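The following exercises concern the backbone geometry and the strand arrangement of a structure. Each task is followed by a solution in steps.

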Amino acid sequence: MSTTTTHEDHHHAPPTGFGRWLFSTNHKDIGTMYLIFSLIMLFIGGGMAMLIRAELFYPGLQFLEPDLFNNLVTVHAIIMVFGVVMPAAAGMANWMVPLQIGAPDMALPRLNNLSFWLLPAAAILLMLSVIVPFFGGGTPVNTGWTLYPPLSIQSGMGMDLLIFTMHTLGISSILAAINIVTTIINMRAPGLTMMKLPLFIWAWLFTGILLIMIMPALAGGVTMLLFDRHFGTSFFDAAGGGDPVLFQHLFWFFGHPEVYVLLLPSIGVLGVIVPTFSRKPLFGYKSLVWGMGVLLLLGMVVWAHHQYTIGMSVAATNYFMIGTILISIPVGLMLFNFMLTMWRGAMTFETPMLFAIAIIVMFSFAGTTGVMLAVVPADLQYHDTYFVVAHFHYALIPGALFGLYAGVFFWLPKWTGHMYNETLGKIFFWWTTIGFNLTFFPQHFSGLAGMPRRIVDYSVQFVEFNQISSIGAFIFGLSHLLFVYIIIQTVRGGEKAADKPWEGAQIGTPGLEWTLSSPPPFHSFETPPTVK
Amino acid sequence: MNELNQDPQQETGKRSTKRTVATLALVTILMFGFAFAMVPLYRLVCSVTGINSIATNSGRTLAENIVTTTDTVSERNITVQFDATINGNVAWEFRPSVRSIVVKPGEKTTISYYVKNHSDEAVVTQSIPGVTPWQATKHLKKIECFCFDTQTLQAGEAKDMGLQFVIDPELPDDISTITLSYTIMDTNRSESLTPNTDNIPTVGSDSTASNNKNTNS
């Protein structure tokens with residue numbers, strides 16, 4: 001016990017001023033910075049989406065040049081994937097992984113600091129890639145986030161900056177993933193065996209492993225792109241003996257598992273929230289863990305379903321089609337497990353639970369359109385239409401973003417020590433859900449009717465669908481001002497949160513985070529708790 | 001509870017942390033290498049399994065087992081359409097001598113593609129073929145094609161580039177029209193090509209098209 005007291009002498013109150021954040025090695029501070037960073041990026045990426053929807057309110061060119069429009073589409077996607085969802089999930093992991101496994105901090109605290117501070121650097125590079133074309137940097141990056149050659153070899157200097165952005169983001173997320181996986185494997189409290197871990201921890205373990213497997217492949221792919229642009233190689237240049245389709249394979253080898261990188265943390269959050277507000281232990285915990293493992297393995301080997309139109313042999317497309325459809329089995333299992341957790345539970349409908357239920361409904365819908373897209377002959381028809389846009393926004397906004405919102409509302413009392421305003425939370429839920437559906441539901445119809453994606457102009461028969469979509473997008477976008485207001489209000493004050501603000505939070509799970517005060521002390525679990 | 005008991009535990013903890021980090025870092029490096037290993041592996045897998053058989057490059061080399069004896073000429077009429085595309089904004093002209101012809105399977109056919117270099121620089125071009133529908137790819141046998149090699153064009157030079165092919169009588173019955181499409185590309189992507197250089201990368205490969213092209217078949 002003497003070591004414990006000397007330990008406390010080392011750590012006084014949190015350091016003050018800017019240095020606290022710049023040199024921070026504290027998992028809670030770094031988690032907070034990740035979350036704030038992703039919230040800022042959400043507004044930048046969201047602002048770009050608003051510009052895109054404003055341009056598409058009418059057919060014809062309104063106020064965006066075609067290249068600039070395509071640049072906005074590209075950067076919107078990259079910001080939302082790499083700047084919003086991944087940092088927010090990493091921020092949540094930073095906060096909650098040590099608290100949920102009873103560890104004093106992450107395994108590699110200084111590496112943690114580095115992996116966060118690479119993100120603002122990457123964001124600056126990304127913004128520069130948007131800005132340089134205005135100052136003689138050539139054509140903007142107009143390829144879409146997939147960066148397919150030969151177009152990506154032909155665009156201007158912005159492309160180089162974007163490649164460096166990808167490198168920086170890749171290093172950041174690989175370091176974060178190594179850190180989180182190491183923490184989960186090595187720093188669990190005594191008695192907390194793997195099969196007792198909260199589902200969020202399992203979800204992040206799989207996410208971390210996926211990131212370590214796929215991010216280096218993307219880094220390799222964009223490095224080859226850089227070589228093709230500047231160093232005379234012909235990896236992807238058909239004239240020099242290369243093959244542009246090879247880049248598509250490399251990109252989607254990363255790109256498809258990336259979907260699960262975005263999705264799994266939110267599935268983990270659901271696995272904590274649904275039992276809490278159903279006041280029942282999670283149904284089929286083991287099957288959920290195995291289901292995520294199967295999802296990881298299947299997700300790694302079905303990438304070419306994004307490329308049915310490249311001219312693969314029938315055998316290859318069949319393989320990718322069947323593999324893709326098989327994915328609906330583990331995903332369906334997860335959704336049914338959540339529904340059976342709710343079955344005959346004593347449910348209450350606080351904001352996190354409302355989000356959780358909405359996610360199950362809307363994500364199932366994305367799964368249905370996903371199976372439609374997986375079927376080769378149907379996909380040849382839907383390929384590159386707004387049907388695809390509707391599908392992946394239904395997958396990623398409920399599947400990833402709303403899961404993170406649910407997590408924010410669920411853990412905000414723990415993080416800040418204050419309860420958020422429940423009425424405002426519910427208003428935000430309905431506002432944002434209605435806005436989201438209004439935006440993306442009509443895109444199924446315009447897509448099925450043949451409206452191609454990533455094009456600044458469209459044929460006049462799609463006007464109505466696009467106007468509904470744009471109005472929905474403005475409603476959806478505006479709702480986030482309320483989200484920020486709720487967060488600021490909660491941080492600044494409000495009803496004092498109990499250590500365990502949710503009655504059912506420890507049902508069927510050790511729930512170590514709820515044994516700490518709200519907010520938890522700056523240094524927590526210096527003596528590891530014991531789990532029976 | 002005393003320090004003697006705690007220290008060894010902490011030491012094991014640190015050692016296993018190091019081992020985990022080392023393993024994960026190794027995976028990272030291997031996966032980065034994997035991306036580059038994909039370049040030769042991809043070609044190998046495609047050529048061994050033929051999963052990429054439909055892809056454009058498959059028509060780039062001399063056909064094997066060409067059947068040209070007259071007794072195998074069938075009575076079917078196949079329309080062959082020709083298409084030409086110029087890659088990038090370069091000052092060239094590129095078009096087939098005929099848009100479409102009707103041939104019989106087994107019959108040897110010769111046409112040509114006209115190309116002119118309007119720029120004031122010599123260029124080395126490479127044409128990349130593509131066949132639609134893809135099922136016809138392996139039945140369109142090329143005896144001679146300008147796409148087998150790079151073609152050099154002096155400034156202002158024009159030429160007709162020959163193409164000789166036979167359609168295999170085993171062409172599936174449901175195919176009556178084949179489109180043969182060529183995209184012509186600049187292999188050295190020189191900076192000074194005029195007039196529109198906006199969309200051409202400023203630095204490019206002075207590359208090795210002729211050395212590499214046969215690896216693609």
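**Exercise 1.** Determine how many helices and strands chain B has, and in which order they occur.

Solution. Chain B holds 2 helices and 9 strands, where helices (H or I, at least four residues) and strands (E, at least two) are DSSP runs numbered from the N terminus. Read from the N terminus, the order of elements in chain B is α-β-β-β-β-β-β-β-β-β-α. The model is predicted: local features need pLDDT of at least 70, side-chain atom pairs count only at pLDDT 80 or more, and totals for chains, interfaces and linings use all residues. Residues are numbered from 1 along each chain as its sequence is written, while chains are lettered from A and ligands numbered from 1 in the order in which they are written.

**Exercise 2.** State what share of chain B is buried and what share of its contacts with a separation of 6 or more joins residues 24 or more positions apart.

Solution. Step one: a residue is buried if 20 or more other C-beta atoms lie within 10 Å of its own, exposed if 12 or fewer, and partly exposed in between, with C-beta atoms placed from the backbone. Of the 217 residues in chain B, 29% are buried. Step two: a contact requires C-beta atoms, placed from the backbone, within 7 Å. Among contacts in chain B with a separation of 6 or more, 76% are between residues 24 or more positions apart.

**Exercise 3.** Describe the sheet of chain B that contains β2, β4, β8 and β6.

Solution. Strands pair if DSSP finds at least two bridges between them. The sheet is open, has 4 strands in the order β2-β4-β8-β6 (chain B), and pairs in the antiparallel sense. Its edge strands, each pairing on one side only, are β2 (92-96) and β6 of chain B. β2(B) pairs with β4 (residues 108-117) of chain B over 5 bridges, antiparallel. W92(B) has N117(B) in β4(B) as its bridge partner.

**Exercise 4.** Locate the cis peptide bonds that precede P519(A) and P133(B).

Solution. The bond from S518(A) to P519(A) is cis, with omega near -10°; P519(A) lies in the segment after α17 (463-492) of chain A. The bond from T132(B) to P133(B) is also cis, with omega near -5°, and P133(B) sits in the loop between β5 (123-132) and β6 (140-145) of chain B.

**Exercise 5.** Are R344(A) and F525(A), two residues with positive phi, buried or exposed?

Solution. R344(A), with phi near 60°, lies in the loop between α12 (328-342) and α13 (351-374) of chain A. R344(A) is exposed because 9 other C-beta atoms lie within 10 Å. F525(A), with phi near 55°, is in the segment after α17 of chain A. F525(A) counts as buried because it has 21 C-beta neighbours inside 10 Å.

Note on methods:
Contact = placed C-beta atoms within 7 Å.
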